Amino acid sequence: DALAKRVVETRTDLSSQQASSYNGFALRKDATVALFGSTHTLEFRNVVLGLTVSTHSVLPLNFISQVNKEPPISMTVECLCFSPDSEWMVTFSQADVTMGEDIFMNSLRFWSFQNETYTLTTLSHAPHKGAVTDMAYHSSLHLVVTAGSDRKVKLWSLTEATSAKFWVCQRTLSKPTLFPRCVCFSTDDAGSLVLVGHSQLVSL
């Protein structure tokens, strides 16, 4: 597939130039790649033209301030996914510090595409105790599943009230003896199953 080859080539070119800057990428339906990594800014690149078309910060400019001459807290975007129509974007970011009981300064953000940019609609602080290891968007419904290092899997759904749309955690699944490393929805028309990948096991 020519598009997939171009994505790989684009990723390879970027890796050779800024290998420490990116953790990964996600592809939108318009052949734009969102690159994310060690900064709080996403870079959107057109994989056909090989050009950066826009950037997007997942944090407000005044979110972090310096205290007692300590260095500013560094935020890293660890996971990102799009809805199939690219009208929604979900990001997970994490700071390089911890708070009490090893609770990381992390956040899950849900963005709606409005006026040619993504606008924050829902912010969930510490959606998991620790990092989000993977996330996935449903193929036909507004559902997102996240897996965390706290050995929990959470299902998030889009809710509408008084003309406002926001996301809520609908259900939490926990298997204390299993560490969820990756998640996805089944590929049947209804996407009726959530598959969770562990070290040497897949659970439904």
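How many bridges pair β10 with strand β11, and is the pairing parallel or antiparallel? The two strands pair in the antiparallel sense over 5 bridges. This is a predicted model, and that pair is a handy place to start looking around.

**The sheet**

Step back from the pair, and you will find β10 and β11 inside an open sheet of 4 strands, with the order β9-β10-β11-β12 and antiparallel pairing. At the edges lie β9 and β12 (164-174), each of which pairs on one side only. On average, neighbouring strands of this sheet are turned by 25° against each other, direction ignored. As a general point, side chains in a regular strand alternate between the two faces of the sheet.

**From β9 to β11**

Strand β9 covers residues 132-137, and strand β10 covers residues 143-148. A hairpin through 5 residues connects β9 to β10. These two strands run antiparallel and are joined by 5 bridges. To find the pairings on screen, try the residues below.

| Strands | Bridges | One bridge pair |
|---|---|---|
| β9 and β10 | 5 bridges | tyrosine 137 and valine 144 |
| β10 and β11 | 5 bridges | leucine 143 and serine 157 |

So which residue of β10 is the partner of tyrosine 137? The bridge partner there is valine 144. For leucine 143, the bridge partner is serine 157, in β11, a strand that spans residues 152-161.

**A patch on the surface**

Elsewhere in the chain, Val48, Leu49 and Leu51 make a nonpolar surface patch of about 320 Å². Leucine 51 has its place in strand β4, which covers residues 51-57.

Key:
Residues numbered from 1 in each chain as written. Predicted model: local features only at pLDDT ≥ 70, side-chain atom pairs only at ≥ 80, totals over all residues. Heavy atoms only, no water. Pairing = 2+ DSSP bridges. Patch = residues over 30% accessible without salt bridge, like charges linked within 9 Å, V, L, I, M, F, W, Y side chains within 5 Å. Areas by Shrake-Rupley, 256 points an atom, 1.4 Å probe, with all protein chains shown as cover. Salt bridge = Lys/Arg side-chain N within 4 Å of Asp/Glu carboxyl O. Axes fitted to C-alpha atoms, helices over the stretch in contact; angles between N-to-C directions.
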